[in-house]
Each structure stands twice: as structure tokens, then as C-alpha cells.
Amino acid sequence: RIKEFIKQGRSASIQALRSVAQSENIDLRFSETRLQSFERLKRSVEKHFAASGAHAFTVQLDQELQGNMLLIITEPSLIKLAGLMYDPDRFDNSGGASSETISAIREVTNLISVSFTNAMSKLTGSRILPGAPLHMPE
């Protein structure tokens, strides 16, 4: 049942991103869905993303279901997605992701989390409210 929730949330998030970016070439891959301890997740994230210059964004969930959503995106993908969402000439990322790019991805993270939690709310009949996205570390 959890995998079905994830699938519905993923589908809603993809539709929202494609609509905003006006591109059908956007997809979200959710790797294996499994429950694990926070410590194990932390070690896995550090192992796979620390060397790649990845950025992490977290959104706190409140109301009937509480927790956090985590989006991890590599810096090249972050810059590419910001360019798809907005005018690519607006972003000067020659020295890495600019504050304007980070801000754009916060908007994307918000779009994903709202789409995802709306789908989850409909499936579960629960009220789930995402908070404002935070870029980690902040």
C-alpha cells in the first residue's frame, strides 16, 4: 500500500513539473521504496551524494501525518532544471549553483511536495500540509 501512495504522489509531481516547465522530458525516479532508520539513510546519502556536489532540500509535513520529505539533486541537474523552469540566461552558474538557482529549486521542491502531499491526502483521507522547503545546510 505504501508503494501505491508513492506511485500516486510521484505521478502527481511529474505532471505538475511538466506543466510548469512546459516539457514532457521531465521524469522523477524514485529508487527503491523501503523503511529504514534515519542513521542508515544518512550514511547512504553521504556515501552516494557527498562527492557529487549534490544539494538536499527538506520539507516538513504537518497535521495528521507528520514527518519530512527529502529531495536530493545533483548540482548539474539542479542547474538544468532551473534552466528548464525559467529563462536559462537568467542563471550564472559558472561558479556553482547561484542563490537564484537555489531559490528556483526551492520553488520546484515546493511544487513537488504540494503535488505529492495532495495526492497522498486524497488516497488516505488525511490532512497533510507541507511546510516551506529548506536548502540543507542552512
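**Exercise 1. Find where Ser13 sits, decide whether Ser13 is buried or exposed, and list what Ser13 touches.**

Step 1: Start with the helix. Ser13 lies in helix α1, which covers residues 2-21. Helices here are DSSP runs of H or I with at least four residues, strands are E runs of at least two, and both are numbered from the N terminus. A word on the model: it is predicted, so local features need pLDDT of at least 70 and side-chain atom pairs count only at pLDDT 80 or more, while totals for chains, interfaces and linings use all residues. Residues are numbered from 1 along each chain as its sequence is written, and side-chain values use heavy atoms, with hydrogens and water left out.

Step 2: Check the surface. Ser13 has a relative accessible area of 0%, so it is buried. (Buried means under 20% relative accessible area, exposed over 50%, and partly exposed in between, with a 1.4 Å probe and protein chains only.)

Step 3: Look for partners. Not counting residues up to four places away in sequence, Ser13 touches Leu28, Ile112, Ser115 and Phe116; contact means heavy atoms within 4.5 Å. With Ile112 there is also a reach from the side chain of Ser13 to the backbone oxygen, at 3.2 Å.

**Exercise 2. Do the same for Ser113: which helix holds Ser113, and what does Ser113 touch?**

Step 1: Ser113 belongs to helix α4.

Step 2: Ser113 is buried, because its relative accessible area is 1%.

Step 3: Once neighbours within four places in sequence are set aside, Ser113 is in contact with Val59, Met69 and Pro130.

**Exercise 3. Explore the largest nonpolar core and name the helix that gives the most to this core.**

Step 1: Know the term. A nonpolar core is a set of buried Ala, Val, Leu, Ile, Met, Phe, Trp, Tyr and Cys residues joined through side-chain atoms within 4.5 Å.

Step 2: Pick out the members. The largest core has 16 residues, and those touching the most other members are Leu17, Phe57, Leu78, Leu81, Met85, Ile105 and Val108.

Step 3: Trace the helices. At least two residues of this core come from each of α1, α3 (75-85) and α4 (99-124). The most come from α4, with five residues.

Step 4: Zoom in on Leu17. Apart from neighbours within four places in sequence, Leu17 contacts Ile26, Leu28, Met85, Val108, Leu111 and Ile112.

**Exercise 4. Describe the order of helices and strands in the chain.**

Step 1: Count four helices and four strands.

Step 2: Read along the sequence to get α-α-β-β-α-α-β-β.

Note on methods
A polar contact is a pair of N or O atoms within 3.5 Å; within protein, one must be able to donate a hydrogen and the other to accept it, and residues adjacent in sequence count only if both atoms are side-chain atoms.
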